Amino acid sequence: MIYRIIRIADRESAPLNIGVEQLGRGNPRLTPLAIGQLFRKQRGSLEAALAERGCTLVDDADQGSGRGKEFEIGLA
């Protein structure tokens, strides 16, 4: 999941919002629940990888039951 967020951030310019539907396109096993769990486990790695690219994780918002998280990426 981290690599998917990084690829989207590399492809598009910050600031941007990344939702569950963008993350799940490449892997149908990435359900909203799985994305939330992976994010909690790998938040530090995600923030470090974004920092290397001059970006930062501005916010992560829970979109409600069954909808998962949305990530806001900004410039550092």
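This report describes how parts of one predicted model are arranged, beginning with a pair of helices and ending with single residues.

## Two helices side by side

Helix α1 spans residues 2–11 and helix α3 spans residues 32–52, and their axes come within 10 Å of each other while crossing at roughly 25 degrees. Because of that angle, α1 is roughly parallel to α3, and the crossing in which α1 passes α3 is right-handed.

The residues that meet across this pair can be named on each side: α1 contributes Ile-2, Ile-5, Ile-6 and Ala-9, while α3 contributes Gln-42, Ser-45, Leu-46, Ala-49 and Leu-50. Sorted by class, the contact of α1 with α3 holds seven nonpolar residues and two polar ones, with no charged residues.

## The nonpolar core

The largest nonpolar core has 21 residues, and within this core Met-1 and Phe-71 are the members that touch the most others. Several elements build this core, since at least two residues come from each of α1, β1 (16–18), α2 (20–24), α3, β2 (55–62) and β3 (69–75).

Which residues does Met-1 contact, once its neighbours within four places in sequence are left aside? The partners of Met-1 are then Leu-23, Leu-30, Ile-35, Leu-38, Phe-39 and Phe-71.

## The buried side of α1 and a residue of α2

In helix α1 the buried residues are Ile-2, Arg-4, Ile-5, Ile-6, Ile-8 and Ala-9, and these buried residues pack against β1, α2, α3 and β3.

Gln-22, which belongs to helix α2, has a relative accessible area of 13% and is therefore buried, because buried means under 20%. When neighbours within four places in sequence are set aside, Gln-22 is in contact with Arg-4, Ile-8, Glu-12 and Asn-17, and among these partners Arg-4 and Ile-8 also appear in the list of buried residues of α1.

## Two residues of strand β2

Val-58 is part of strand β2 and has a relative accessible area of 47%, so this residue counts as partly exposed. Apart from neighbours within four places in sequence, Val-58 is in contact with Glu-72, Ile-73 and Gly-74. With Gly-74 the separation is 16 residues in sequence and 6.0 Å in space, taken from C-alpha to C-alpha.

Asp-59 also lies in strand β2, and its relative accessibility of 36% makes this residue partly exposed. Leaving aside neighbours within four places in sequence, the contacts of Asp-59 are Glu-70, Phe-71 and Glu-72; of these, Phe-71 was introduced above as a core residue that, together with Met-1, touches the most other members. Asp-59 and Ile-8 are 51 residues apart in sequence, and their C-alpha atoms are 16 Å apart in space.

## A glycine in the loop between β2 and β3

Is Gly-68, with 9% relative accessibility, buried or exposed? Gly-68 lies in the loop between β2 and β3, and at 9% relative accessibility this residue counts as buried.

Not counting residues up to four places away in sequence, Gly-68 touches Val-20, Pro-32, Ala-61, Asp-62 and Gln-63. A further pairing sets sequence beside space: Gly-68 and Thr-31 are 37 residues apart along the chain, and the distance between them is 7.9 Å from C-alpha to C-alpha.

Note on methods. Residues numbered from 1 in each chain as written. Predicted model: local features only at pLDDT ≥ 70, side-chain atom pairs only at ≥ 80, totals over all residues. Heavy atoms only, no water. Axes fitted to C-alpha atoms, helices over the stretch in contact; angles between N-to-C directions. Helix = DSSP H or I, 4+ residues; strand = E, 2+ residues; numbered from the N terminus. Parallel < 35°, antiparallel > 145°, perpendicular 65-115°, else oblique. Left-handed = near helix turned anticlockwise from the far one by under 90°. Contact = heavy atoms within 4.5 Å. Nonpolar A, V, L, I, M, F, W, Y, C, P; charged D, E, K, R; others polar. Core = buried A, V, L, I, M, F, W, Y, C linked by side-chain atoms within 4.5 Å. Buried < 20%, exposed > 50% of the residue type's maximum accessible area, 1.4 Å probe, protein only.
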